[in-house]
Amino acid sequence: MQPLVSIIIPSYNSQQYLDETLESALNQTYQNIEIILVDDGSTDNTKVSFPRWEKLGIKCISQNNAGAAAARNHGMRLAKGDYLQFLDADDILLSNKIEQQVVSIKKRKEKLPGVYHAYSNWLDFQNTIEDGRCITKDALFRVEDLNGIEVLENQGRLKGMIATGAWLWDKAGVMNTHWKHSPNDDGEFAFDTLINGPKICVQRDVLFGYRRTSMGWSRINSRNRHELLVNCNLRIKKGILDSKFVSKNLILYAYKGMSYSLRSPTRFFAKSQVKAIIHTYLICKKAGISYSEVNKLVFYTLRKKIKASIRYSFY
């Protein structure tokens, strides 16, 4: 019997994109799926469309506004699938996305049983997916099999982000993980799941489209959001120490989440950087890694953005 895949879609005021996003989920060539839409207290007309979507077999849930992380956690609790596909309300799944990843995992499990997640290449787009730009990381897609630590280390030394929708997660491997309310929630969820070293099926094919919009957390312009970001950074670094897999590239992965603050008010940026630098130094010291070398790598990749952040300063 084919495994069930649960597609979990958190939504907040995303009515303009939802029809296209839901259509991409409904049009999957892999048929054994359930689609769970969790509306996070939207103030637009999203709920008006619930009856129409429910007729298509989509489970529509509404909750009080608590953030995307809470909506995803709500969806996880309801999910009956063997695998979980998280999909933001404005993103797109290519039609063969789930089928290709399920087949890839099945083949690997036949050779060596265990918990497998799958990760694919993806497109970055704004208006139409046909105009998208492929986000290729040759180092990441050089081989078809990696473990979670290798993925995190590659992400630490490469530009870009871990695209939530590009993953297919084995539910057995994420049951003890939950989404945390943070500007870097996708990076932290991936870290919490991958730091234990699960097997990863990596695919070069483009199977997912990430839409860049003005929505979301991209501008960290309040003290509260800064605190959330700093706390996320500290949790990831603590997780690195607890895991015993400390390396320069893992520390860089933790620090990359702080790049969100480079578009932030200078007064908050300075405070958060001081906290991050002190904690990074303590981790390097405890792990026996040269802080100066890590620091050089961090500021080599971020110094241009630091200068650019001045443009966003306000008091």
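Student: Which residues do ring pairs link into a cluster?
Tutor: This is a predicted model. In it, ring pairs join six-membered and other aromatic side chains named here into one cluster. The members are Phe86, Tyr119, Trp167, Trp169, Trp179 and Phe189.Student: Which residue lies over the face of Trp179, and at what distance from the ring centre?
Tutor: Trp179 belongs to the ring cluster. Its face is covered by a charged side chain, that of Arg72. The distance from the ring centre is 4.4 Å.

Student: How many aromatic pairs does the count come to?
Tutor: Ring centres must lie within 6.5 Å to pair. By this rule the count is 8.

Student: Is the pair of Phe50 and Trp53 stacked, tilted or edge-to-face?
Tutor: The centres of Phe50 and Trp53 are 6.4 Å apart, and the planes make 45°. Under 30 degrees would be stacked, and over 60 edge-to-face. An angle of 45° therefore makes the pair tilted.

Student: Where do Phe50 and Trp53 lie, and how far apart in sequence?
Tutor: Both belong to helix H2, residues 50–54. About one turn of the helix separates them. In general, residues three or four places apart on an α-helix point the same way, because a turn takes 3.6 residues. For Phe50 and Trp53 the spacing is 3 residues.

Student: Does Trp53 count as buried or exposed?
Tutor: Buried means under 20% relative accessible area. Phe50 is at 10%, so it counts as buried. Trp53 is at 2%, so this residue is also buried.

Student: What kind of aromatic pair do Trp122 and Tyr210 form?
Tutor: Their centres are 5.9 Å apart. The planes stand at 85°, and over 60 counts as edge-to-face. The Trp122–Tyr210 pair is therefore edge-to-face.

Student: How many residues apart are Trp122 and Tyr210?
Tutor: Trp122 is in strand E6, residues 116–125. Tyr210 is in strand E10, residues 199–211. The pair links distant parts of the chain, 88 residues apart.

Student: Which residue in E10 stands opposite Trp122?
Tutor: E6 and E10 run parallel, joined by 10 bridges. Trp122 is buried, at a relative accessible area of 2%. Opposite it in E10 stands Phe208.

Student: Which residue in E10 is the bridge partner of Asn147?
Tutor: Strand E8, residues 145–147, pairs with E10 in the antiparallel sense over 3 bridges. The partner of Asn147 is Lys199.

Student: Over which ring does the charged end of Lys199 sit?
Tutor: A charge must be within 6 Å of the ring centre to sit over it. The charged end of Lys199 is 5.6 Å from the centre. The ring is that of Tyr116.

Student: How many of the residues in helix H6 are buried?
Tutor: Helix H6 spans residues 185–194 and is mostly covered. Among its buried residues are Asp185, Phe189 and Leu194. The count is 9 of 10.

Student: Which residues touch the most other members of the largest nonpolar core?
Tutor: This core holds 61 residues. Beyond its neighbours within four places in sequence, Leu194 is in contact with residues including Ile149, Trp167 and Ile200. The residues touching the most other members are Ile9, Trp169 and Leu194.

Student: Is Asn13 buried, partly exposed or exposed?
Tutor: Asn13 lies in the loop between strand E1 and helix H1. Its phi is positive, about 50°, although Asn13 is not a glycine. Its relative accessibility is 24%, so Asn13 counts as partly exposed.

How values were computed
Residues are numbered from 1 along each chain as its sequence is written. This is a predicted model: local features need pLDDT of at least 70, side-chain atom pairs count only at pLDDT 80 or more; totals for chains, interfaces and linings use all residues. Side-chain values use heavy atoms; hydrogens and water are left out. Helices (H or I, at least four residues) and strands (E, at least two) are DSSP runs, numbered from the N terminus. Buried means under 20% relative accessible area, exposed over 50%, partly exposed in between (1.4 Å probe, protein chains only). A charge sits over a ring if NZ of Lys or CZ of Arg is within 6 Å of the ring centre and within 35 degrees of the ring normal. Two strands pair if DSSP finds at least two bridges between them. A nonpolar core is a set of buried Ala, Val, Leu, Ile, Met, Phe, Trp, Tyr and Cys residues joined through side-chain atoms within 4.5 Å. Contact means heavy atoms within 4.5 Å.
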